[in-house]
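Welcome, and please open the model in your viewer with the sequence panel alongside. We will go from stop to stop, and at each one you will hear what to select and what is there.

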Amino acid sequence: MLDAKEEVAKTAFRTEGLTKTYGEGRSAVHALRGVDLEIVRGEIVVLLGPSGSGKSTLLNILGGLDRASEGDAWFGEQCLTKMNDRQLTAYRRKHVGFVFQFYNLMPSLTARENVELVTEIADNPISADEALDLVGLGKRLDHFPAQLSGGEQQRVAIARAIAKQPEVLFCDEPTGALDSTTGRAVLRVLQDVNEKLGTTVLIITHAAATAAMAGRVINFADGAIRDVKLNENPVDAEEVEW
Amino acid sequence: MKPLHAKLFRDLWRIKGQALAIMVVIGIGVALQVMMSGLVASLSQTRDTYYERHQFADVFAPVVRAPERMVSQLRNIVGVAAVDTRVTGVALIDVATRNLPVSARILSLSSDDQRHLNEVLLTSGRLPEAANPQEVVLLEGFARAHGILPGSQISVTLNASRRLLDVVGTAQSPEFIYYAAPGEMIPDDTRFGVIWIGRPTLAATLDLKGAFTEALLTLRRDANADAVLDSIDRLLKPYGGAGAYAAVDHPSNRFLSEEISGLEVSAKNVPPVFMFVAAFLLYIVISRLVQSEREEIGLMKAFGYSDAEVSIHYLQLILIIALGGALLGCVLGIALGRMTIPIYTTYYKLPFLLFRLEASSFLSGILTSATVATLGGAIVLRRIFQLAPAEAMRPPSPPDYSKTGNLGQQIFRRLDQPTRMVIRRVIRQPLRILGAVMGIAAGMALSLSMLIIYEGFDEALDRTFNVIDRSDAFVTFTAPTSGKAIYEMQRITGVSRVEPVRAAPVIFRNGRRQYTGAITGLATRARLFRALDAETQPIALPSQGVVLSASLASILELNVGDDITLDIRQGNQPVVVTRVAGITESLMGSPAFMDIDALNGLIDEPNRLSGAYLSIEDGAEKNVYTALKNMPKVAGVSLRAEAAKAFETVMDQGAGSSRFIMGFMAFAITFGIIYNAARVAKDERLRDLASLRVMGFYQGETAFVLLGELAVVTLVALPLGVLMGNALSHLIAAGFSTDLYQIPVVFAPRATGTAIAIVVGASLTSGWLVKRDLDRVEIISALKTRE
């Protein structure tokens with residue numbers, strides 16, 4: 001009994017037979033074909049796989065941005081697949097942060113304000129200045145997105161995602177639009193967040209080398225998990241090959 | 001089919017809702033143009049054909065009694081082509097349904113086989129036979145209004161004796177296209193009639209054998225009309241010539257021509273306003289549409305399509321929408337025009353009236369919409385063509401908001417981030433926001449100006465029939481009569497007040513400007529009918545000088561204190577120079593007023609009146625009417641209530657009714673603009689809004705960012721719309737005003753309130769519709785859509 005409870009407390013996500021189908025009949029696309037998975041808290045997880053293999057779909061469902069067709073997904077003890085739209089919004093608001101390939105910053109707000117956008121509605125945020133310090137942008141607080149480079153914009157996006165101290169950080173191709181130096185710097189930030197705040201980080205990437213910094217690497221193919229590898233000695237972000 | 005064509009049609013299908021909305025707005029602008037200019041063409045062509053076929057006279061010369069031998073002298077005047085004479089008089093017709101008799105004109109018909117001027121158009125029955133002196137033809141409108149058919153008899157009072165006449169036919173006439181009861185301007189078929197009777201009978205009854213009371217003339221093409229009129233006046237003066245006048249001054253023709261030229265002015269002024277607003281909307285939507293195709297354009301260019309090929313592709317798309325709208329407008333315009341025709345034939349008795357499509361209006365509608373659409377598309381395309389294909393395919397870099405940061409830091413500190421987003425966008429993209437503001441303000445201006453016009457119509461009615469004229473009835477006499485008539489009428493039980501009136505036909509002159517009208521002499525300290533100034537305070541009529549209505553003063557270009565020449569066409573026909581003593585606000589016609597004694601003094605006929613205003617006690621109407629009916633001098637009685645009703649009918653069902661169509665169109669455009677502004681804002685910000693949702697903002701919180709902007713835009717647009725609407729209402733009022741009535745532009749708090757409510761209501765509805773769309777948006781797909 002105790003073991004089971006401990007097990008739940010250690011688990012960030014658990015899925016059972018998670019299935020996602022777009023469309024119907026002949027034209028139906030099976031994005032996920034019954035995925036069973038467990039992700040432990042405090043891990044860095046890298047999801048690898050070709051386009052259309054289902055990794056983004058899984059991330060969207062776990063992040064509360066999409067709904068499964070069948071099967072269940074739990075965040076701790078909360079069943080995500082049974083939540084309505086409002087509950088999913090509240091889930092995103094309280095527990096998770098997102099980082100996308102194209103930053104998605106509000107062009108009309110400064111770096112600090114973009115972060116404050118989240119800290120204003122979060123329960124237990126760190127200050128915007130602190131969050132931007134964490135990503136190394138403490139000196140560019142009052143710059144607008146148009147005045148920042150791509151890497152800087154992505155770091156603002158990360159600061160915005162972590163400022164609420166989320167339990168999980170979802171990153172969909174976070175370095176996809178960046179050069180190697182900037183890309184490594186962004187990965188460094190993600191690693192820092194994981195180490196300093198204990199945030200579970202899920203990273204989707206095409207770059208197989210990124211897997212070197214992950215504690216767990218999940219390979220996707222055709223909407224299913226092909227294999228899961230555990231990495232006993234994750235490397236520093238700076239050492240990731242590009 | 002080439003792939004580009006396939007893309008064209010699929011794109012069209014994809015944006016069908018928006019495309020249809022644009023088509024409707026363009027269609028409304030074009031429809032108004034097609035309808036109004038079509039009406040102008042229909043009316044003027046019908047009028048011209050009618051006049052030609054029935055030989056409408058060029059000159060009318062009324063006299064008291066001129067011998068028939070004057071005809072040869074008239075014919076000898078240089079420039080005269082043909083001369084015709086007739087006997088005319090006034091009569092009263094008893095009708096079963098009314099206590100008061102109906103005023104009528106009685107005209108002689110020649111029984112020879114020759115063609116005559118102002119030939120009647122028989123609509124039923126036949127013409128009177130010479131052998132039967134009791135046979136008459138009746139004006140069709142009057143006969144129909146009272147259900148009088150050929151074969152029935154009517155009781156007519158003529159020259160103070162009553163007789164029964166046989167109706168053998170009904171007719172229309174080119175000189176009675178537009179007519180009203182004596183002393184009134186608004187037609188009412190039940191209260192005015194025309195009787196045509198054989199000339200020998202009428203001449204015998206009125207003691208006018210071998211004489212005529214009116215000469216009708218046609219002129220040669222090269223005739224000098226003014227010289228001819230002078231010659232006629234000189235010839236007929238000894239016989240009581242009241243002054244010859246040209247067809248332009250003939251009441252029926254004048255009203256019809258005024259209506260046509262008023263409509264022409266409206267057709268020139270009003271549709272362009274609607275078209276401008278439609279064009280503006282079209283530009284906003286088209287530029288947005290092309291902007292959203294940025295990636296596809298980059299892709300096509302990457303494949304090797306030239307700028308010209310890409311341009312042609314998008315221009316095809318744009319032109320299909322613009323031309324579709326223009327075609328829709330043409331169809332709608334023809335339908336509206338056909339619907340409007342019966343309104344005109346009710347008030348203008350034309351024998352036939354077919355709606356004609358004026359090709360130029362259709363062409364100009366098509367050209368305007370096509371040009372605006374093409375320009376709008378071209379401006380945006382040029383901007384995109386300046387980018388390298390690779391750059392165009394990437395999402396645009398974020399717009400730079402850095403120049404808005406330091407405005408009012410203190411205030412900003414207190415605001416939450418979503419509010420800052422709203423404010424920054426308003427400050428940072430002033431042109432885009434200004435575009436939306438101007439669009440909404442223009443839409444509001446259309447609605448507001450139409451509402452102000454509505455109030456103007458009410459004001460015209462109220463001022464004319466409640467403020468200026470406070471009598472119950474107006475009595476006209478067969479001829480100017482002595483002051484004793486006042487006492488006779490005061491003695492009638494139920495008459496509480498009588499005020500004499502002397503009206504005399506006058507040609508007003510100021511240098512080369514002239515106007516054929518009349519002066520009304522009013523009693524000192526009149527209470528029942530008054531000349532009022534702009535503040536609706538009564539103007540005391542001085543013992544010298546004339547008070548002009550504002551419209552007459554503007555026709556003659558005169559101000560208070562200027563000299564004016566009065567060519568009075570009654571009594572001893574004096575020509576006097578006097579002073580403009582005041583300007584009065586009159587909304588009906590272009591009247592002029594004098595003190596009654598001063599006017600009688602000028603004519604040298606002291607203590608005479610041609611009519612009187614009566615105040616009647618409640619419940620005594622029937623008794624008063626009976627008494628008036630038995631007074632031989634009385635040529636007609638018009639009741640203020642009936643005149644007001646007739647005016648109201650014209651305003652609501654007649655020429656004024658097009659304001660309802662325009663009002664509806666204005667509201668439709670207003671809503672279209674606001675809805676489009678909201679939609680465009682939503683499409684532009686979809687990614688930002690989806691990002692907010694990802695971060696955990698609830699639907700309502702997300703909508704605030706979008707609707708907050710719409711609220712700001714609407715609030716800024718309101719005062720601007722009020723200003724623009726008031727300015728526009730002057731233009732539209734001028735279009736609706738005719739020689740017959742002026743539509744005042746009033747300070748209209750109620751209209752302003754309603755217009756604000758319409759705009760706010762449209763904003764709320766649009767906001768709700770857009771929010772509903774927003775709530776349905778899939779967050780992930782919205783994030784993937786690139787700007």
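The tour begins with the whole model, then visits chain B and ends in chain A.

**Before you start**

This is a predicted model, in which local features need pLDDT of at least 70 and side-chain atom pairs count only at pLDDT 80 or more, while totals for chains, interfaces and linings use all residues. Residues are numbered from 1 along each chain as its sequence is written, chains are lettered from A and ligands numbered from 1 in the order in which they are written, and side-chain values use heavy atoms, with hydrogens and water left out.

**Stop 1: colour by confidence**

Colour both chains by pLDDT, the predictor's confidence in each residue, from 0 to 100. Chain A averages 86, with 96% of its residues at 70 or above. Chain B averages 85, and 96% of its residues score at least 70. For the model there is an ipTM of 0.80 and a pTM of 0.72.

**Stop 2: all of chain B**

Now select chain B and show it as a cartoon. You should find 23 helices and 20 strands; these are DSSP runs numbered from the N terminus, helices being H or I over at least four residues and strands E over at least two. Along the principal axes, the C-alpha atoms of chain B fill a box of roughly 100 × 60 × 50 Å.

Of the 787 residues in chain B, 56% are buried. Here buried means under 20% relative accessible area, exposed means over 50%, and partly exposed lies in between (1.4 Å probe, protein chains only). Switch on the surface next: chain B has an accessible surface of about 33400 Å², 57% of it belonging to carbon and sulfur atoms. Such areas come from the Shrake-Rupley method with a 1.4 Å probe, and for residues only the protein chains shown count as cover.

A contact, meaning heavy atoms within 4.5 Å, often spans a long stretch of sequence here. Among contacts in chain B between residues at least 6 apart in sequence, 82% join residues at least 24 apart.

**Stop 3: Asn118(B)**

Select Asn118(B), in the loop between β4 (102-109) and β5 (121-125) of chain B. Is Asn118(B) buried or exposed? Asn118(B) counts as buried because its relative accessibility is 4%. Show what surrounds the side chain: beyond four places in sequence, Asn118(B) touches ten residues you can pick out by name, His54(B), Gln55(B), Phe56(B), Ala57(B), Phe60(B), Arg86(B), Ser173(B), Pro174(B), Glu175(B) and Leu216(B). Draw a distance for one of these, since a polar atom of the Asn118(B) side chain lies 2.9 Å from the backbone nitrogen of Ala57(B).

**Stop 4: two helices of chain B**

Jump to Arg294(B), in helix α8 (residues 294-303) of chain B. Arg294(B) has 9% relative accessibility and so counts as buried. For a sense of scale, draw a line from its C-alpha atom to that of Ser729(B): the two are 435 residues apart along the chain and separated by 41 Å.

Then select Ser763(B) in helix α22 (residues 749-776) of chain B. Ser763(B) is buried too, at a relative accessible area of 9%. Leaving aside neighbours within four places in sequence, Ser763(B) is in contact with Ile674(B), Leu710(B) and Thr714(B).

**Stop 5: two positive phi angles**

Which residues of chain B are worth a look for their backbone? Arg525(B) is not a glycine, yet its phi is positive, at about 50°. Look for Arg525(B) in the loop between β14 (513-522) and β15 (546-549) of chain B; with a relative accessible area of 73%, Arg525(B) is exposed.

Glu557(B) is not a glycine either, and its phi is about 55°. Glu557(B) sits in the loop between α16 (550-556) and β16 (563-568) of chain B and counts as exposed at 52% relative accessibility.

**Stop 6: over to chain A**

Compare two elements of chain A by mean pLDDT: helix α1 (residues 2-10) has the lowest, 59, and strand β4 (residues 70-75) the highest, 93.

Next select Tyr22(A), in strand β1 (residues 11-22) of chain A. Tyr22(A) is partly exposed, at 36% relative accessibility. Its side chain makes a polar contact with that of Asp66(A) at 3.1 Å. A polar contact is a pair of N or O atoms within 3.5 Å; within protein, one must be able to donate a hydrogen and the other to accept it, and residues adjacent in sequence count only if both atoms are side-chain atoms.

Finish at Ser69(A), in the loop between α2 (55-62) and β4 of chain A. The side chain of Ser69(A) reaches the backbone nitrogen of Thr21(A) at 2.8 Å.
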